[in-house]
Amino acid sequence: MLHHFRRKLSWPKRRARLVYYSSAFFFVFGITSAWAMSEEEFGKLLLPGKITVTNPFLDSCDSKRECGRVFKLLHAGIDYRARIPTEVRSPVSGTIVKLRSGNKEYEPLKDQAGSITVEVAGKEKPMYFFFVHMSKSFVKVGDKIKAGCIIGLTGKKGTIFPHLHVEYKEMRGRKNIRPTPSLKTIADIKNRGNISPVEAVKNKPLPIASDQKCG
Ligand SMILES: [Zn+2]
């Protein structure tokens with residue numbers, strides 16, 4: 001039976017089928033592998049050396065029990081272990097719209113940092129990347145930056161353990177551009193437009209790392 005089936009197709013047809021199915025396979029595989037960037041892989045766009053996620057992005061849980069258990073771990077961004085000072089690259093091109101230190105905003109200044117906010121041009125809603133706990137900024141408000149350049153140095157401003165917190169948010173307006181201050185519920189993350197920074201770069205061209213400071 002199998003023998004009979006095999007003999008039915010001529011060689012050119014069999015070859016055409018093979019090309020067709022294998023190209024479909026690579027097409028699908030290529031797309032899914034681009035979707036499946038891990039937080040560690042995303043970290044390589046930002047930081048040099050070994051990448052360790054100390055606290056992942058968390059906005060979902062499946063059961064009431066699980067949601068109760070993870071309550072305190074709700075996290076609007078991704079934390080990466082980073083010695084001070086480590087150079088931080090922007091994974092996207094955009095405009096620096098805000099620099100923030102503790103409760104003070106110091107838009108015109110470089111050299112001090114807390115958080116650095118990059119606005120990414122979007123057709124519908126403004127999109128923001130936040131780099132938090134920084135010790136130094138190489139950029140100032142208004143700077144246009146190219147993906148892959150160094151925006152500043154890691155620190156521990158506003159935290160005990162040195163790490164880089166990277167957060168992403170989509171907003172309707174530009175009021176109160178700042179990282180999410182505190183989260184009580186999963187709805188908080190969603191209402192504030194937070195999605196994983198990894199999701200946010202999904203359809204964007206990946207940066208070529210440069211050794212250049214952005215400013
Ligand atoms: Zn964090």
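Let's begin with one pair of residues: Phe-130 has Glu-167 as its bridge partner in strand β11. That pair is a good place to start, and it belongs to a longer pairing, since β7 and β11 run antiparallel and are joined by six bridges. As you follow along, keep in mind that you are looking at a predicted model. Strands like these pair through backbone hydrogen bonds, and they can do so in a parallel or an antiparallel way.

Let's step back for a moment to the whole protein. It contains six helices and 11 strands. Of its 215 residues, 30% are buried. Among contacts with a separation of 6 or more, 69% link residues that are 24 or more positions apart.

How confident is the prediction? The mean pLDDT of the protein is 80, and 73% of the residues reach 70 or more. Among the elements, helix α3 (residues 39-46) has the highest mean pLDDT, 97, while strand β5 (residues 104-105) has the lowest, 49. Two stretches deserve some care. Residues 30-34 have a pLDDT below 50, and this stretch has zero contacts in the model beyond near neighbours in sequence. Residues 105-109 also have a pLDDT below 50, but there the model shows 12 contacts beyond near neighbours in sequence. Where pLDDT is low, the predicted coordinates should not be read in detail.

Now let's return to β11, which spans residues 163-170. Besides its pairing with β7, this strand is joined to β2 by five bridges, and these two strands run antiparallel. One of the bridge pairs here is Tyr-80 with Leu-164 of β11. On its own account, β2 (residues 77-81) also pairs with strand β1 (residues 53-55), in the antiparallel sense and over two bridges. There, Asn-55 has Asp-79 of β2 as its bridge partner.

Are β2 and β11 buried or exposed? In β2, four of the five residues are buried, so this strand is largely enclosed by the rest of the structure. The story for β11 is similar: seven of its eight residues are buried, so the rest of the structure largely encloses β11 too.

This brings us to the largest nonpolar core, which has 35 residues. The residues with the most contacts inside this core are Ile-116, Val-118, Phe-129, Phe-131, Ile-151 and Leu-164. Several elements supply at least two core residues each, including β2, β4 (94-101), β6 (115-120), β11 and α6 (197-200). Strand β7 (127-132) gives the most, with six residues. To see what a crowded spot looks like, find Leu-164. Leaving aside neighbours within four places in sequence, Leu-164 is in contact with Leu-46, Leu-47, Tyr-80, Ala-82, Val-88, Phe-131, His-133 and Thr-154.Helix α3 is another contributor of at least two residues to the core. Which residues of α3 are buried? They are Phe-42, Gly-43, Leu-45 and Leu-46. These residues cover an arc of only 150 degrees around the axis, which puts them on the same side of α3. Among the elements that cover the buried residues of α3 are β1, β2, β3, β11 and α6.

Next, look at an open sheet of three strands, arranged in the order β3-β10-β8 with antiparallel pairing. Its edge strands are β3 (87-89) and β8 (134-137), each of which pairs on one side only. Neighbouring strands of this sheet are turned by 35 degrees against each other on average, direction ignored. Three bridges join β8 to β10 (residues 150-154), and Lys-136 has Leu-153 of β10 as its bridge partner.

Finally, two loops hold backbone details to look for. In the loop between β2 and β3 you will find Pro-85. A cis peptide bond joins Ile-84 to Pro-85, with an omega of about -5 degrees. In the loop between β7 and β8 sits His-133. Although His-133 is not a glycine, it has a positive phi of about 75 degrees. Is His-133 buried or exposed? With 22 other C-beta atoms within 10 Å, His-133 is buried, because 20 or more such atoms make a residue count as buried.

Terms used
Residues are numbered from 1 along each chain as its sequence is written. This is a predicted model: local features need pLDDT of at least 70, side-chain atom pairs count only at pLDDT 80 or more; totals for chains, interfaces and linings use all residues. Two strands pair if DSSP finds at least two bridges between them. Axes are lines fitted to C-alpha atoms, for helices over the stretch in contact, and angles run from 0 to 180 degrees between N-to-C directions. pLDDT is the predictor's confidence in each residue, from 0 to 100. Two residues are in contact if their C-beta atoms, placed from the backbone, lie within 7 Å. A residue is buried if 20 or more other C-beta atoms lie within 10 Å of its own, exposed if 12 or fewer, and partly exposed in between; C-beta atoms are placed from the backbone. A nonpolar core is a set of buried Ala, Val, Leu, Ile, Met, Phe, Trp, Tyr and Cys residues joined through C-beta atoms within 7 Å. The arc is that of the directions from the helix axis to the C-beta atoms.
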